Amino acid sequence: MWTVAAFYRFVDLTGRREALQATLKAMKEEHSLCGIILVADEGINGTISAPTKAGVQAVLDVLSVETGLEMDDVKWSTASVQPFYKFKVRLKKEIITLRSDEIDPVHRVGDYVTAQDWNALVTRDDVLLLDTRNRYETELGTFKGAVDPDIAHFTDFKDFVAKLPEEAKAKKIAMFCTGGIRCEKASSYMLSQGFNEVYHLKGGILKYLETVPAEQSLWQGGCFVFDKRVALEHGLEESVI
């Protein structure tokens with residue numbers, strides 16, 4: 001059984017990217033790591049795995065020191081087989097690509113809503129519930145009552161927002177994504193476009209499925225993940241598709 005950890009953090013790494021990349025790459029052999037970590041001036045984004053939890057934790061300890069990553073924000077799960085073929089640490093312009101100069105997710109994002117408080121928010125009549133993920137992800141599962149933006153790439157989310165009616169700005173916006181990172185930029189973008197009340201699910205769908213019991217859940221279907229497991233269900237169990 002392989003231990004898997006998904007994480008991200010927006011933090012200014014200007015001038016430190018290359019050194020962090022080298023440090024992380026050097027840990028591969030000792031801990032039999034697989035997965036991918038993206039490193040940019042704006043922060044880190046990754047999902048990694050190792051045969052032992054200690055191997056994964058060693059990487060997270062480095063990231064905690066170098067980036068301020070908090071362990072409470074890490075989403076833990078397991079895989080019955082090695083979930084990734086290789087271990088990669090890549091330097092990128094963005095850790096999640098939106099291509100918008102109007103946002104600053106390090107300093108301005110929507111209000112976080114915990115998994116425990118999510119149901120109470122999204123069942124209100126004055127809330128517009130948005131799925132910020134791509135259509136191949138939403139086809140596998142989504143929250144009950146969510147609006148699907150029907151986008152092929154996250155960069156298309158800006159076009160979706162532009163098509164929303166003006167009266168949508170009077171609603172509370174509640175958005176979600178797999179692990180939370182896309183909502184950091186999506187909520188920052190919507191705030192820049194005049195949406196005043198923007199909320200997003202802290203830790204994303206993964207934290208919700210990890211935390212909320214199935215009998216209380218508003219989630220329907222499986223949650224697409226970017227590894228060999230394809231999708232996860234409640235308790236972050238591997239989905240049978």
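**Salt bridges, backbone geometry and local surroundings**

Glu42 and Lys185 are joined by a salt bridge in which the closest N and O atoms are 2.9 Å apart, a salt bridge being defined as a side-chain nitrogen of Lys or Arg within 4 Å of a carboxyl oxygen of Asp or Glu. Because Glu42 lies in the loop between strand 2 (34–40) and strand 3 (43–50) whereas Lys185 lies in helix 7, the pair ties together parts that are 143 residues apart in sequence; helices (H or I, at least four residues) and strands (E, at least two) are DSSP runs, numbered from the N terminus. Both Glu42 and Lys185 are buried, where buried means under 20% relative accessible area, exposed means over 50%, and partly exposed lies in between (1.4 Å probe, protein chains only).

The model is a predicted one, in which local features need pLDDT of at least 70 and side-chain atom pairs count only at pLDDT 80 or more, while totals for chains, interfaces and linings use all residues. Residues are numbered from 1 along each chain as its sequence is written, and side-chain values use heavy atoms, with hydrogens and water left out.

The structure holds 15 salt bridges. One of these is formed by the side chains of Arg133 and Asp131, with an N to O distance of 2.8 Å, and Arg133 and Asp131 are both buried. A further salt bridge is found between Arg135 and Asp150, whose closest N and O atoms are 2.8 Å apart. This pair links distant parts of the chain, 15 residues apart, with Arg135 in helix 5 (residues 135–138) and Asp150 in the loop between strand 8 (141–143) and helix 6 (157–162). Arg135 counts as partly exposed because its relative accessibility is 33%, and Asp150 is likewise partly exposed, with a relative accessible area of 48%. In addition, Arg124, Asp126, Lys172 and Glu197 are joined into one network by salt bridges that share partners.

Asp150 also bears on the description of the backbone, since this residue has a positive phi of about 55° although it is not a glycine. A positive phi, of about 50°, is likewise found at Ser32, which is not a glycine either. Ser32 is placed in the loop between helix 2 (28–31) and strand 2 and, at 39% relative accessibility, counts as partly exposed.

With regard to helix 7 (residues 181–192), Ser188 is one of its residues and counts as buried because its relative accessibility is 2%. When residues up to four places away in sequence are not counted, Ser188 touches Ile103, Asp104, Pro105, Arg108, Val109 and Cys183, contact being taken as heavy atoms within 4.5 Å.

Pro213 is located in the loop between helix 8 (204–211) and strand 11 (219–221) and is partly exposed, with a relative accessible area of 32%. The C-alpha atom of Pro213 is separated by 7.9 Å from that of Gly235, a residue 22 positions away along the chain.

At the surface, Lys86, Lys88, Arg90 and Lys92 form a positive patch. Patches are made of residues with over 30% relative accessible area and no salt bridge, like charges being joined within 9 Å and nonpolar side chains (Val, Leu, Ile, Met, Phe, Trp, Tyr) within 5 Å. Of the residues in this patch, Arg90 is found in strand 5 (residues 87–91) and counts as partly exposed at 39% relative accessibility.

Technical notes
Accessible areas come from the Shrake-Rupley method with a 1.4 Å probe; for residues, only the protein chains shown count as cover. Lys and Arg count as positive and Asp and Glu as negative; His and the chain ends are not counted. The place of a charge is taken as NZ of Lys, CZ of Arg, CG of Asp or CD of Glu.
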